[in-house]
Every structure is written in structure tokens, then in C-alpha cells.
Amino acid sequence: MDTLDQQLIALLRLDARASVATLALKLKVARGTVANRITKLEDSGVINGYTVKLRPEATPNQITAWMSIAVEGNKTREVISILLGEPGVSGLFDTNGRWDQRSLGPAGRAERAQSGRVGQCAGAGASDQGY
């Protein structure tokens, strides 16, 4: 996945019903580019489907995991951009103290994928997970 794919996923996470034309306008690319990227992401399994957002009270038995992230230098924007494009991240928060960012996502496979992406991200110095 490149930066455009990450930006596209971030927009789809905000509104999975957005039209290709709207997404193309926001990304400043051609509609065909957006349509091709979505197809590629679907075919490769990055996008497995589209869903609704539920209030946390609607899924009381779902286990979620927090990941704490230390950012090195001035790489905060880069780390945030990568995490917003990560399908396993359902929330991202700034913090003070030892950790610079905290991300929230479902425990399990998505959490492991999120952890792997953070580890590969230039600028993410350290991370820790909790449930």
C-alpha cells in the first residue's frame, strides 16, 4: 500500500458510502484511479467489505486493544497518516507522557496487523499493547 491507498482507506473509514467522484475530488486524482485502487484493495483482501459503525454499547462483548506508540523526532504526522490508513485502527488519540499516540482496535488478528505496521513505520520508536 502506498500513501494514496492509505488516504483512500482513511476516507472510506469516515464514509464507506462516499461516491467514487467525491473520493476522487478529495484525493485530487481521477475517478478511474479511485475505482482502480478500490478494486485492487478489494481483490488483494485489504478491503474485505463495508460495514456500519455501531455505538460501543451495541457490542458490549467485543474485546478491544489499546496500542501505545512513542514517536521519534518530528514524525508524528507520518505515523498518524499510516495509522489512519490501517484497517485495524478504530480510534487514534494524542497523549502526553511516555507515549505520544494511542490507537484503539479490535483484539486479535487486526491488532497483530496493526502492531506489525507500527513496527515498520519510520518514526515509531516503540510500542506497547494492552487490553
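Student: Let's start in the strands. Which residue in strand 3 stands opposite Asp-94?
Tutor: Keep in mind that we're looking at a predicted model. Strand 2 covers residues 91-94 and runs antiparallel to strand 3, with four bridges joining them. Across from Asp-94, in strand 3, you'll find Gln-101.

Student: Okay, and how many residues sit between strand 2 and strand 3 in their hairpin?
Tutor: Look at the turn that connects the two strands. Gly-97 is in that turn, and its phi is positive, about 105°. Between strand 2 and strand 3, the count is six residues.

Student: Strand 1 pairs up too, I think. How many bridges join strand 1 to strand 3?
Tutor: These two run antiparallel, with strand 3 spanning residues 101-106. You can spot Ser-68 opposite Arg-102, and Trp-66 opposite Leu-104. The number of bridges joining strand 1 to strand 3 is six.

Student: Is strand 1 mostly covered or mostly open, and how many of its eight residues are buried?
Tutor: Strand 1 runs through residues 64-71 and is mostly covered. To count as buried, a residue needs under 20% relative accessible area. In strand 1, the number that are buried is six.

Student: Now the charged side chains. How many salt bridges turn up in a search of the whole structure?
Tutor: Let's go through them. Asp-2 meets Arg-37 at 2.8 Å, N to O. Arg-37 also bridges to Asp-5, with the closest N and O atoms 2.9 Å apart, and Asp-5 meets Lys-40 at 3.0 Å. The search of the whole structure gives a total of three.

Student: Take the bridge between Asp-2 and Arg-37. How far apart in sequence are the parts it ties together?
Tutor: In this salt bridge, the side chains of Asp-2 and Arg-37 meet. Asp-2 lies in the segment before helix 1, while Arg-37 is in helix 3, so the pair ties together parts whose separation in sequence is 35 residues.

Student: Is Asp-5 buried or exposed, and what is its relative accessible area?
Tutor: Compare it with two of the other charged residues here. Asp-2 is partly exposed at 33%, and Lys-40 is partly exposed at 42%. The cut-off for buried is under 20%. Asp-5 is buried, and its relative accessible area is 1%.

Student: Which residues are linked in the network of salt bridges?
Tutor: Follow the shared partners. Arg-37 bridges to Asp-2 and also to Asp-5. Asp-5 then bridges to Lys-40. The linked residues are Asp-2, Asp-5, Arg-37 and Lys-40.

Student: On to the nonpolar parts. Which helix gives the most to the largest nonpolar core?
Tutor: That core has 13 residues, and those with the most contacts inside it include Leu-8, Leu-23 and Val-34. The elements that give two or more residues to this core are helix 1, helix 2 and helix 3. With five residues, the one that gives the most is helix 1.

Student: Leaving aside neighbours within four places in sequence, which residues is Ile-38 in contact with?
Tutor: Ile-38 is among the residues with the most contacts inside the largest nonpolar core. Once those sequence neighbours are set aside, its contacts are Leu-8, Leu-12, Leu-23 and Tyr-50.

Student: How many residues are in the second, separate core?
Tutor: Among its members are Met-67, Val-71, Val-79 and Val-89. The size of this second core is six residues.

Note on methods. Residues numbered from 1 in each chain as written. Predicted model: local features only at pLDDT ≥ 70, side-chain atom pairs only at ≥ 80, totals over all residues. Heavy atoms only, no water. Buried < 20%, exposed > 50% of the residue type's maximum accessible area, 1.4 Å probe, protein only. Pairing = 2+ DSSP bridges. Salt bridge = Lys/Arg side-chain N within 4 Å of Asp/Glu carboxyl O. Core = buried A, V, L, I, M, F, W, Y, C linked by side-chain atoms within 4.5 Å. Contact = heavy atoms within 4.5 Å.
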